[in-house]
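These are my notebook entries on a structure that I had not examined before. I record what I looked up, topic by topic.

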4 protein chains.
Amino acid sequence: MIVVLKKDPDEGQLNNLTNWLQGLGISIHRSEGEQSLILGLVGDTSVVDMELIRSLDIVEDVKRIQEPYKNANRKFHPMDSVIDVSGIKIGGGHFQIIAGPCSVETEAQMCGVAADVKAAGATILRGGAFKPRTSPYSFQGLGGNGIKLLLEAAKQSGMPVVTEIMDISQLKYFDDVDMIQVGARNMQNFELLKEMGHTGKPILLKRGLANTIEELLMSVEYIMAGGNENVVLCERGIRTFETATRNTLDISAVPVLKKKTHLPVIVDPSHASGRYDLVKPLALAATAAGCDGLMIEVHNDPQHALCDGAQSLTPKKFADVAKAVFALRPFAMTSEELNAQ
Amino acid sequence: MIVVLKKDPDEGQLNNLTNWLQGLGISIHRSEGEQSLILGLVGDTSVVDMELIRSLDIVEDVKRIQEPYKNANRKFHPMDSVIDVSGIKIGGGHFQIIAGPCSVETEAQMCGVAADVKAAGATILRGGAFKPRTSPYSFQGLGGNGIKLLLEAAKQSGMPVVTEIMDISQLKYFDDVDMIQVGARNMQNFELLKEMGHTGKPILLKRGLANTIEELLMSVEYIMAGGNENVVLCERGIRTFETATRNTLDISAVPVLKKKTHLPVIVDPSHASGRYDLVKPLALAATAAGCDGLMIEVHNDPQHALCDGAQSLTPKKFADVAKAVFALRPFAMTSEELNAQ
Amino acid sequence: MIVVLKKDPDEGQLNNLTNWLQGLGISIHRSEGEQSLILGLVGDTSVVDMELIRSLDIVEDVKRIQEPYKNANRKFHPMDSVIDVSGIKIGGGHFQIIAGPCSVETEAQMCGVAADVKAAGATILRGGAFKPRTSPYSFQGLGGNGIKLLLEAAKQSGMPVVTEIMDISQLKYFDDVDMIQVGARNMQNFELLKEMGHTGKPILLKRGLANTIEELLMSVEYIMAGGNENVVLCERGIRTFETATRNTLDISAVPVLKKKTHLPVIVDPSHASGRYDLVKPLALAATAAGCDGLMIEVHNDPQHALCDGAQSLTPKKFADVAKAVFALRPFAMTSEELNAQ
Amino acid sequence: MIVVLKKDPDEGQLNNLTNWLQGLGISIHRSEGEQSLILGLVGDTSVVDMELIRSLDIVEDVKRIQEPYKNANRKFHPMDSVIDVSGIKIGGGHFQIIAGPCSVETEAQMCGVAADVKAAGATILRGGAFKPRTSPYSFQGLGGNGIKLLLEAAKQSGMPVVTEIMDISQLKYFDDVDMIQVGARNMQNFELLKEMGHTGKPILLKRGLANTIEELLMSVEYIMAGGNENVVLCERGIRTFETATRNTLDISAVPVLKKKTHLPVIVDPSHASGRYDLVKPLALAATAAGCDGLMIEVHNDPQHALCDGAQSLTPKKFADVAKAVFALRPFAMTSEELNAQ
């Protein structure tokens, strides 16, 4: 961490600052310039509050030169982590497609979709039981019953499931769920993240609409600091000025994340674009860029889906996408290549 | 709502659509163009899922022409709502300044700040007990004990308090809190919003970093649909490409919101800018634009605040800001003027 | 175009509006709702100024239902356009890699890079002679002499060249240039665009940092309306809140553009990311998504490039990228597939 | 400037770097940490290309600690600059309202509006003769004839004029124009900026839609480096995800700019919002925040304006806005206050 001081800083305040920092186990290198005195802080600066230092009268600016996250940092854990979802491995060369409907509606729907996506190559089943909807007048999901239907479909198809939790109070329904999804709107719901740190289950953490890559890694830190190292990250589009797509898929986040963290990174082209006709090109792009998996919405009757129909594929179209993805994957970026540069 | 159909739509699918819409009580006006057939939907279209219609094969586009929110809509409630926070009124010409530290630290700190800000004209005391922090290694707030200290300071100073809730499970600590704040990161924590709808207490709902004005009003709808009409909105900056300020205060949100809704709108210049030296100009700007109040961070020793020190004012600087705000307010935009245009 | 009128519009003003529209050859369909009267405008509405109508007292809102661009619109020209750059074809299945240094520096540099990139599969040579730099104190390019050096390298290597124009007054230097680039900062330099419409040369138009896809197509319209149909579009990243990359590559723009227009679309991963270590994953992603070519910065000594060194590849790394791109391309999205959905 | 080196940097490369820097007159302070070696560069680092250094193999990161602009920097010129527009002073406590129509249409229109806005308190007349329009099919302005009509109105009303230049080739029409406007789309048209540096006339430079405050100041540097110190800056809204307003007025840019530069800063609420009904609240807000003037669109018949009618005020409404602005101004932020904090 670099602290740039204002010209002619008050000596008393400067002493207070250096004493306080030394008390935290930080050593300090001074570098005197014509216009400013610069302090280089050496040691474990993750314990130092940048904003606090920035607020001091004698300080002009503070700049961090090390990442503020540890557990997820590839620097301290160079090998890819492999996350095991009830026998299905993600990361370290293992590529998986998670598929299923936006919302769980009926047992027939879930079992039908599950069979279809499995036949096409998907290995984990998704389906929403608790649904975050912008409007209170929109369908809010089947709740606990939805999870039961999802688990029934999982059992019949022999696939593990992932489904979204929206609040700690819903955790009681997730006992048999294989992987818990924390959605984009909850990426900084810190109480929920802390709770996820105590579950031991694999967590699928989606990037928030307006959150930076660094903030995503800090949210992972909440989960990992609680003792749960089974985290998969998901890029699903960020909010920008462009309106042709619902969100803007930040494809660069895939290689950037793969370099910064050892955790697996998957991409959700359905939510990123909000348009079923863009799922295939975005799925191929994400695969090429080196992601560890995809999450795709599939509905057996998208025209009557209770939510997000516009971004769902039919099982037939999904099969076409999956086939193209598997064909392209041998030519995609690998984790090794990304980290060798 | 306007549905633009593709050229030569399949008649069977078109019949299905019109029958389904009529079943929802919607009447349909057809308008035939050279390139497209247009359906005008008349009736209560808030029950119609735009995305579902957009996903139909025969549909080119769907456009909403009415706002999707009702309870907060000024069209159905032209007079300003006045929200009463334990005797302190906000809205309808009543302007209030909420002030206090970012985090509750000690009783001495809280009581000191409370006395200072009250003397300077603040009427509601703020202080964080549960703190949303990007890093798990940062100070997380004093929790339930923090609320006790806050209430003690409130009692001594004779002011009502507002403090933030981060999770439903914390609600038990809020029995004696006068107004509950839902923070920016939780603006779309729908389970928490629903719970707020059942409390009856005034809710201070902050706009999310990347949420549109319309989404803010939809989140209000979650609270109001639960039966709680005591909602105050707070603009606190949005995330943009500009890095000179922590966020970009969307000053236009003040007049836009005041025209769209009858609920009071306040502004938080401290979080919007993240810089104490911008609080005064932004507070004056927000007042001039017609907001119903301000929320300002004040700390008796900002250089040692446990969080967000960089954006806190000293009590002395706060008194200067408050004085300037009160002097300017007679020349500010009024709700009547905004709605007369 | 749909015009939504306010409740109980003034009849005189309504007559004025409908007469004016009918005078423009537009026919009008009325659709009466409970809350509003809606006018559907049928005919060539590209001549109607939306903003003018929106400003009328009796109008609540105006919505466009047809694209405001014509010449570039795939609806009126379903087949891919193929642009010929001195014998090198782009579009309609022809995929090209444009490569070369950010800035032309010396003849040795240009000829060296040209030979290297040609050997690796590039077919068009790039190099900047007029350089848009944020700071007036940064290197501004060699100007007319730079173009001479570029053309010399082109002659020796047998490749056509593309180079950027920054102002109409520079056009005299472009006589022998094969393709003229209009950079991101000039995407809405309308006088320059008009001039490009009169050159007859192929134009490479880069998307502006903060311009929508629709605005890009409107800028194309300036060129095509002048009689020049030889336009290639280039996605090169947009400005967002994310700071891990210089810009955010909008990968979705590739399929969206390929559906909206018949013109070729290429991608510049070097400028999009500003980081040489992201060029390969982004180049693969763009290729997979169905672009018609790539534009990549290559420098024989990137560590001494006079500008933008951080995003340049060595010739050796470029050869690796090109090889991977060519290997992946048979598995990429095609224009036919994108337009069949 | 701070250069953070990678662990165990190659000594040969390190020597090359330090020799090169010393050759530029920079002295270097080394600061050795556990994880990295840090170089503090002392001297005139505005000549050092950050990107070039960042691209070196041995470099982890580079951070600037001084602003890269000089002429506009308040640090080197603490007193407010006052810009004289043919006798009308802006800055240093002088507050002016610039008003007039978006486009010059007829002599009658211009003279009528000029008389009206002058009577209401405006002191500089605006009107567009060369119009940047997104669509080539929209009205493009009257060009040279428009400037003649504008100057005629100026003469009759006794006010200086400001009007926009779009291309260097138009400069011949600007001989009698008092102040030249460089619009948002041309903020980084560097050739035009350089030319403005040679005119000696006052320049009104508008911030680009997606340009940071620092980039705006770098563009000013292009003008000032050419010898023209008469520059007025204009905040006119930035592009964000919010769609309720055409752009998002970045009100914080007013105090931030007033602290960073000695040049006057004005605000254009008409273009920022694109809505006439938001002009008054935004004009009041900007005034309160401490700007040195406003630029407001006024049309005597806004419903028939050839462009941007939706954001124009009638002369009567403008008079109401101007009156409110003048009444509020004694209570607004001053330049001294902003720079005392």
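Which residue of chain A comes closest to the rotation axis? I put this first and found that A:Ala210 does, with its C-alpha at 2.7 Å from the axis. I note at the outset that this is a predicted model.

**Entry 1. Chains A and B**

I then looked up the operation to which that axis belongs. A turn of 180 degrees, with a shift of 0.0 Å along the axis, superposes chain A on chain B, and the RMSD is 0.0 Å. I also checked whether the two copies use the same surface. They do, for 97% of the contact residues of chain A recur in chain B.

Next I recorded the contact between these two chains. Chain A contributes 39 residues and chain B contributes 38 residues. On the side of chain A that touches chain B, I listed the elements giving two or more residues: helix 2 (50-54), helix 5 (190-196) and helix 6 (213-225) of chain A. Which of the elements gives the most to this side? I found that helix 6 of chain A does, with five residues. By residue class, I noted 18 nonpolar, 11 polar and 10 charged residues on the side of chain A that touches chain B.

**Entry 2. Chains D and B**

I turned to a second pair of chains. Chain D can be laid on chain B by a turn of 180 degrees and a shift of 0.0 Å along the axis, with an RMSD of 0.0 Å. The two copies are therefore related as by a two-fold rotation axis. In chain D, I found that D:Ala285 has the C-alpha nearest the axis, at 2.0 Å from it.

How many residues does the contact take from chain D, and how many from chain B? I recorded 38 residues from chain D and 38 residues from chain B. The elements that give two or more residues to the side of chain D that touches chain B are helix 7 (253-260), helix 9 (279-289) and helix 10 (315-328) of chain D. Helix 9 of chain D supplies the largest share of that side, namely eight residues. I noted the classes on this side as 24 nonpolar, 10 polar and four charged.

I asked again through which surface the copies meet. Of the interface residues of chain D, 100% are also interface residues in chain B, so the copies meet through the same surface.

**Entry 3. Chain A as a whole**

I looked up the general build of chain A. I recorded 11 helices and 14 strands in chain A. Along the principal axes, the C-alpha atoms of chain A fill a box of roughly 75 × 45 × 40 Å. Chain A has 341 residues, of which 60% count as buried.

I also looked up the sequence separation of contacts within the chain. Among contacts in chain A between residues at least 6 apart in sequence, 67% join residues at least 24 apart.

Into which domains is chain A divided? I found domain 1 (2-63) and domain 2 (74-340). The centres of domain 1 and domain 2 of chain A, taken over C-alpha atoms, are separated by 42 Å.

**Entry 4. Single residues**

I located B:Val82 in the loop between strand 4 (59-63) and strand 5 (83-85) of chain B. B:Val82 counts as partly exposed because it has 16 C-beta neighbours inside 10 Å, and a residue needs 20 or more to be buried. Leaving aside residues up to four places away in sequence, I found that B:Val82 touches B:Lys89, B:Gly91, B:Gly92 and B:His94. I also looked up the separation of B:Val82 and B:Ser273, which is 191 residues in sequence and 28 Å in space, C-alpha to C-alpha.

Where is A:Ser86 found? I placed A:Ser86 in the loop between strand 5 (83-85) and strand 6 (88-90) of chain A. Its phi is near 50 degrees, a positive value in a residue other than glycine. A:Ser86 has 14 other C-beta atoms within 10 Å and is partly exposed.

I looked up B:Ser86 as well. B:Ser86 lies in the loop between strand 5 and strand 6 (88-90) of chain B. Phi of B:Ser86 is positive, near 50 degrees, in a residue other than glycine. With 14 other C-beta atoms within 10 Å, B:Ser86 is partly exposed.

How values were computed: Residues numbered from 1 in each chain as written. Chains lettered and ligands numbered in written order. Predicted model: local features only at pLDDT ≥ 70, side-chain atom pairs only at ≥ 80, totals over all residues. Contact = placed C-beta atoms within 7 Å. Helix = DSSP H or I, 4+ residues; strand = E, 2+ residues; numbered from the N terminus. Nonpolar A, V, L, I, M, F, W, Y, C, P; charged D, E, K, R; others polar. Least-squares fit on C-alpha atoms with pLDDT ≥ 70 in both. Buried ≥ 20, exposed ≤ 12 C-beta atoms within 10 Å, placed from the backbone. Domains from an automatic or database assignment.
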